[in-house]
Amino acid sequence: DLSPPGSAGTTGSSHRQDKDRQRRRMGNASSRHQAAQSETPTFFTQEELSKLMSDFKTGGVEKIKHLLEKKLRELNNTELNIAVTGEAGTGKSTFINAMRGFRSEDEGAAAVGNKETTKEPTGYPHPNLPNVRYWDLPGIGSSRFTAGSYLRKMQFKKYDFFIIVSATRFRENDAKLAKQIKRQGKKFYFVRSKIDADLNSMWQQRKEFDEDAEMETIRSDCISGLGACGIPDPTVFLISSLNMKMYDFPRLTEALADGLPSIMESVFILALPNDSLEIIRKKGEVLKRRIWMLAITSGGVGAIPVPGLSAVCDMAILIGAIIYFRKCLCLDDAALRRLADRTGTFVEELKDRVKSSLLGDITVKVIVRLGLGAVSIAVSAVEASLHFVPVIGSVFGAGSSFLMTYMMLSDALKLLMETAEKVLAVAKRAE
């Protein structure tokens with residue numbers, strides 16, 4: 001097959017081989033991730049769960065609402081600071097833009113260029129989750145910094161992990177930085193960028209071309225160079241920031257998520273752009289784990305009877321949750337506008353293609369009209385879907401309000417995930 005690496009010309013058996021390679025690269029990590037999720041089905045520590053159960057036994061739902069509200073605030077306020085460093089021209093800014101769902105020309109995108117455009121650590125918040133920030137750091141080899149002073153000047157302690165980017169081979173300074181990061185007890189990841197450009201260049205120069213073999217040669221060269229600088233058995237991710245679905249990019253995002261504590265992992269997943277059905281599914285899993293807490297808190301002081309619904313609930317909590325789900329699934333107007341610009345269409349045209357009432361104003365009338373949570377469902381089926389709720393043994397004592405709110409939010413999330421999948425399909429057809 002002489003089609004350029006990653007080109008539309010790669011079809012038939014080659015396309016199937018690409019998918020097989022992708023599954024092999026992702027398989028082991030996905031299995032580990034699924035096992036970890038089954039072991040920790042809530043965002044609570046064991047100590048927090050014990051207190052939750054104890055308070056519920058002595059005071060019922062009312063006594064645990066403040067604990068759930070506190071946990072929801074923690075989830076919403078958790079900060080994640082990711083440092084991206086490397087020499088000028090390695091593609092740091094392009095990588096940051098890709099992780100935030102931006103192109104270089106989008107408003108708010110990181111400045112791109114082959115010269116050192118970064119003089120000081122520059123933070124780029126996620127457009128919908130501003131507590132998630134990617135920090136573009138000056139290259140360690142620039143004239144302003146030495147390896148010894150770099151971490152101190154870059155305010156090392158503020159970052160949760162580091163991504164060290166190279167576009168050719170990793171340098172001695174990269175290895176020195178990695179060793180210092182490890183000594184300080186934080187994680188780092190080696191990323192070899194612009195792999196698409198390298199493979200395309202090789203393809204144009206050779207009559208016969210084996211993409212996998214060439215990638216392994218590049219990977220081995222990086223590993224060998226890092227090993228010579230004192231980094232034993234490093235993992236190197238080969239990526240193109242212009243296509244997050246190809247090469248090692250899916251494996252990289254999987255590794256970054258797996259390396260974080262549970263709550264930070266969930267925040268990181270929600271901040272990823274919707275570049276695949278797998279990411280949409282993972283976001284749905286994360287958001288689903290919040291619904292029982294929102295349902296219980298929705299039955300509190302602000303709960304009122306809602307015309308057209310058979311239960312009382314706090315509509316501000318309900319509507320706020322649906323809007324939050326929509327933002328996390330990249331279905332807000334700003335995200336759709338960026339997608340429309342990328343695909344040469346208009347936001348309203350995009351909305352018309354996917355046809356979802358949840359893309360407009362979210363009101364009580366919209367919720368009633370869609371019939372969210374109104375489908376009759378056996379209690380046993382609800383219990384099965386709520387297997388991860390710590391107080392499930394007695395939560396039905398909270399009355400129909402909890403069940404109704406839970407089902408409304410579950411239905412809304414399902415509809416939004418289906419809409420996100422349709423939007424992804426529209427984007428793929430336009431590319």
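This is a short tutorial dialogue on reading features of the predicted model shown above.

Q: Before we zoom in, what does the secondary structure of the chain come to?
A: Let's start with the overall count. In this predicted model, the chain has 16 helices and eight strands.

Q: How many residues are in the chain, and what share of them is buried?
A: The chain has 431 residues, and 49% of them are buried. As for the surface, the chain exposes about 20500 Å², with carbon and sulfur atoms supplying 52% of that area.

Q: What share of the contacts comes from residues 24 or more positions apart?
A: Here we look at contacts with a sequence separation of 6 or more. Of these, 68% are between residues 24 or more positions apart.

Q: How is a pair of aromatic rings described, and how many pairs does the whole structure hold?
A: Two values do the job: the distance between the ring centres and the angle between the ring planes. Searching the whole structure turns up eight aromatic pairs. One of them joins Phe-95 and Phe-249, with 5.8 Å from centre to centre and 15 degrees between the planes. Planes under 30 degrees apart count as stacked, so this pair is stacked.

Q: Which parts of the chain does that pair link?
A: Distant ones! Phe-95 belongs to helix H3 (residues 92–99) and Phe-249 to helix H8 (residues 249–258), and the two are 154 residues apart.

Q: Are Phe-95 and Phe-249 buried or exposed?
A: The cut-off to keep in mind is that buried means under 20% relative accessible area. Phe-95 has a value of 1%, so Phe-95 is buried. Phe-249 is at 0%, so Phe-249 counts as buried too.

Q: What kind of aromatic pair do Tyr-159 and Phe-162 form?
A: Their rings are edge-to-face, with 80 degrees between the planes and 5.5 Å between the centres. Both Tyr-159 and Phe-162 are buried.

Q: Which residues do ring pairs link into a cluster?
A: The cluster consists of Trp-135, Phe-156, Tyr-159 and Phe-162. Two lysines belong in this picture as well. Lys-158 has its charged end over the ring of Trp-135, 3.8 Å from the ring centre. Lys-186 places its charged end over the ring of Phe-156, 5.1 Å from that centre.

Q: What does Phe-188 touch, leaving aside residues up to four places away in sequence?
A: Phe-188 touches Phe-162, Ile-164, Ala-178, Ile-181 and Lys-182. Phe-162 also appears in the ring cluster. Phe-188 itself is in strand S5 (residues 187–192). Its C-alpha atom is 9.4 Å from that of Asp-160, although the two residues are 28 apart along the chain.

Q: Where does Pro-121 lie, and which residues does Pro-121 touch?
A: Pro-121 is in the loop between H3 and strand S2 (122–125). Not counting residues up to four places away in sequence, Pro-121 touches Trp-135, Asp-136, Leu-137, Pro-138, Met-154 and Tyr-159. Trp-135 and Tyr-159 are both members of the ring cluster. The C-alpha atoms of Pro-121 and Trp-135 are separated by 6.1 Å, with their positions 14 residues apart along the chain. With a relative accessible area of 22%, Pro-121 is partly exposed.

Q: At what angle do H8 and helix H9 pack?
A: H8 and H9 (residues 262–270) pack at about 150 degrees, and their axes are 8 Å apart. Angles over 145 degrees count as roughly antiparallel, so that is how H8 and H9 run relative to each other. On the H8 side, Thr-253, Leu-256, Ala-257 and Asp-258 meet Glu-265, Phe-268 and Ile-269 of H9.

Q: Which residues other than glycine have a positive phi near 55 degrees?
A: Gln-155 is one example, with phi near 55 degrees. Gln-155 lies in the loop between helix H4 (147–153) and strand S4 (161–166), and is partly exposed at 47% relative accessibility. Tyr-247 is another, also with phi near 55 degrees. Tyr-247 sits in the loop between strand S6 (236–238) and H8. At 5% relative accessibility, Tyr-247 counts as buried.

Q: Where is the place of Ala-412?
A: Ala-412 is in helix H16 (residues 400–430), and is buried, with a relative accessible area of 0%. The C-alpha atoms of Ala-412 and Leu-358 are 8.0 Å apart, while the residues are 54 apart along the chain.

Conventions:
Residues numbered from 1 in each chain as written. Predicted model: local features only at pLDDT ≥ 70, side-chain atom pairs only at ≥ 80, totals over all residues. Heavy atoms only, no water. Helix = DSSP H or I, 4+ residues; strand = E, 2+ residues; numbered from the N terminus. Buried < 20%, exposed > 50% of the residue type's maximum accessible area, 1.4 Å probe, protein only. Contact = heavy atoms within 4.5 Å. Areas by Shrake-Rupley, 256 points an atom, 1.4 Å probe, with all protein chains shown as cover. Phe/Tyr/Trp six-rings, centres within 6.5 Å; stacked < 30°, edge-to-face > 60°. Lys NZ or Arg CZ within 6 Å of the ring centre and 35° of its normal. Axes fitted to C-alpha atoms, helices over the stretch in contact; angles between N-to-C directions. Parallel < 35°, antiparallel > 145°, perpendicular 65-115°, else oblique.
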